[in-house]
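I opened the model to look up a few local features and kept notes as I went. The entries follow in the order of looking.

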Amino acid sequence: MAALLCLLSSCGGSSPGSEANTGTGAFEEPPNVILFVIDTLRADRLGCYGNPANPSPTLDQFAKEGILFERMWAPSPYTATSHASLFTSTYPATHGIWNRQRLDSKDGDIFPALPDSAITLAEVMSELGWETAAIAGGGYVNERRGLAQGFDYFDSHTFGAVNRVGRAIDWIKEDRDFSRPFFMFLHTYEVHYPYLPDEEMINRFDSEYQGPLRKAVSDARIFAEDYIAKFPEKSPIGPVQKQFFKPLFEREDFSDRDKEFVFALYDAEIAIVDREFKKLLQFLKMANLDENTVILVTADHGEELWEHGYFGHHRVWDEVMHIPFLAQIPGGPEGVRRSDSMDLVDVMPSLLKLLEAPIPQAAVGEAINWLQAPAQAVERVHIHQANWPKARDAVRTGETKVHFFPDEEFPPQVFNLAIDSNEANDLAPTNAGQKQIEQANQTLESFLQFSSQLRKTWNLFPVFHGLGSFTSEMRSELEGLGYLDNEED
Ligand SMILES: [Zn+2]
């Protein structure tokens with residue numbers, strides 16, 4: 001691991017056992033860290049980000065007692081891609097870990113994995129003495145994608161938020177090494193489609209709807225339970241999507257009322273995660289771990305619910321790019337809402353700065369000051385990247401967002417988010433819009449050049465796996481999650 005340390009900048013280099021001044025008041029002892037990633041959670045559906053349906057009382061209260069970041073952006077709309085950015089503090093243009101890359105060949109798609117040369121957050125934490133554990137949802141968050149690097153324990157076969165939180169609690173209670181602090185990455189596919197909340201939870205959000213989706217959800221839940229009983233190692237998500245939801249979503253008479261019910265289902269799934277998160281917080285309190293555990297809550301991307309005519313997460317509209325970020329730090333700020341602009345790549349350097357730990361030199365994210373936001377708003381640039389056939393990149397500069405599309409038939413679009421947060425009024429036809437496109441294009445070009453250079457400097461070339469090289473177990477896991485038979489993931 002000496003090689004790893006050589007690649008870390010010298011910004012402190014404390015280790016568990018040494019006294020660390022965090023800038024938030026010195027920790028008496030090195031804290032535990034829980035990084036909770038709620039897959040596919042868009043910010044605006046949490047109560048604390050403005051959803052009046054109240055699906056997230058625990059997360060809202062958690063935010064009130066800690067820090068809420070109002071403007072947190074995902075680097076991509078995909079699971080493996082955003083997680084690779086979160087874990088390495090590099091952008092997709094550098095690490096190249098797309099969910100999958102489509103090839104025009106009979107060999108099928110390829111699945112890039114993080115190379116060993118990448119330095120992950122878990123590797124740094126492990127090197128510094130934290131015990132590292134991941135309770136993840138599998139699918140695109142697994143060993144085969146290089147995302148298990150640095151974890152002493154990596155569980156990606158526990159199905160559902162309820163069981164995963166239960167597994168996390170059991171690990172903390174029984175399995176960990178009690179002589180040192182732990183770093184836990186907890187990940188759940190609730191609130192990822194298909195949404196299968198129970199009837200009682202659905203009725204909390206929409207008890208009146210009697211359209212076709214209500215029965216589909218109920219049938220799908222029974223199907224999923226049988227499926228899990230028959231194939232405990234497989235996820236029923238893929239078959240459920242295909243059999244129960246897709247045919248309905250594609251129906252011509254799929255109405256606005258049906259779509260409204262989908263929002264209720266999504267909120268109901270959030271409520272389930274919220275309920276499980278409450279169990280975790282209660283356990284930490286009971287185990288006297290709440291006073292020395294840093295807890296960060298975020299997502300890898302959000303979800304389009306037909307705002308731009310489409311369902312899913314493939315494109316870079318703000319319903320997909322705007323994700324929540326909540327933090328509680330023992331002895332840290334309470335009840336703070338920050339409006340400085342942040343990116344998922346900032347999490348790693350910011351956390352390491354908090355722990356006064358060294359930050360890998362390849363990390364491009366900003367290490368924030370946890371005590372307070374910058375006095376003056378900085379017009380920061382954020383780049384969002386997709387590799388879906390119909391979507392590409394967006395450049396966000398302050399309140400201006402420019403979309404670039406791969407298909408030449410679709411010219412770039414420009415939106416002024418200050419007055420048009422729904423990205424509905426394209427300013428491309430205006431002179432100012434054309435100028436902004438030109439500037440964004442230059443920004444994107446420099447960013448891509450910089451990213452490519454970074455890839456060379458730190459040897460971050462992804463390792464490619466053809467589907468044929470996957471074990472049958474991994475293949476069936478991906479199939480189970482609906483990833484392989486869905487042209488549009
Ligand atoms: Zn995801």
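Entry 1, backbone. I began just after helix 12, where Glu356 takes a positive phi of about 50°. Helices here are DSSP runs of H or I with at least four residues, strands are runs of E with at least two, and both are numbered from the N terminus. I noted that this is a predicted model, in which local features need pLDDT of at least 70 and side-chain atom pairs count only at pLDDT 80 or more, while totals for chains, interfaces and linings use all residues. Residues are numbered from 1 along each chain as its sequence is written, and side-chain values use heavy atoms, with hydrogens and water left out.

I then looked at helix 12 itself, residues 347-354, and found it mostly covered, with 7 of its 8 residues buried. Buried means under 20% relative accessible area, exposed means over 50%, and partly exposed lies in between, with a 1.4 Å probe and protein chains only. The buried residues of helix 12 are Val347, Met348, Pro349, Ser350, Leu351, Leu352 and Leu354.

I looked for other unusual backbone values, since most residues other than glycine have a negative phi, and most peptide bonds are trans. Thr40 has a positive phi, near 70°, and Asn54 has one of about 60°. Thr40 lies in the loop between strand 1 (32-38) and helix 2 (57-64), and Asn54 is in the loop between strand 1 and helix 2. Is Thr40 buried or exposed? Thr40 counts as buried because its relative accessibility is 0%. Asn54, at 43% relative accessible area, is partly exposed. I also recorded a cis peptide bond between Tyr193 and Pro194, with omega about 5°. Pro194 sits in the loop between strand 6 (182-188) and helix 7 (199-205).

Entry 2, metal. I listed the zinc ligands: Asp39 (OD) twice, Thr79 (OG1), Asp300 (OD) and His301 (NE2), at 2.0 to 2.8 Å. Donors are N, O and S atoms within 2.8 Å of the metal (3.2 Å for Na, K and Ca), and sites may look incomplete because water is not among the atoms. Along the chain the donors follow the spacing D-x39-T-x220-D-H. Asp300 counts as buried at 1% relative accessibility, and His301 is buried at 0%.

Entry 3, cores. I found that the largest nonpolar core has 128 residues, and that Phe183, Leu213 and Trp370 have the most contacts inside it. Such a core is a set of buried Ala, Val, Leu, Ile, Met, Phe, Trp, Tyr and Cys residues joined through side-chain atoms within 4.5 Å. Helix 10 (residues 256-286) gives the largest share of this core, 15 residues. A second, separate core has 13 residues, among them Ala93, Ile383, Ala428 and Leu444.

Entry 4, helix packing. I checked helix 8 (residues 212-230) against helix 10: they pack at about 40°, with their axes 9 Å apart. Helix 8 is therefore oblique to helix 10. The contact (heavy atoms within 4.5 Å) involves Pro212, Leu213, Arg214 and Val217 of helix 8 with Asp258, Phe261, Val262 and Leu265 of helix 10. Setting aside neighbours within four places in sequence, I listed the contacts of Leu213 as Phe245, Leu248, Phe249, Phe254, Asp258, Phe261 and Val262.

Entry 5, totals. I counted 14 helices and 17 strands in the chain. Of its 489 residues, 59% count as buried.

Conventions: Axes fitted to C-alpha atoms, helices over the stretch in contact; angles between N-to-C directions. Parallel < 35°, antiparallel > 145°, perpendicular 65-115°, else oblique.
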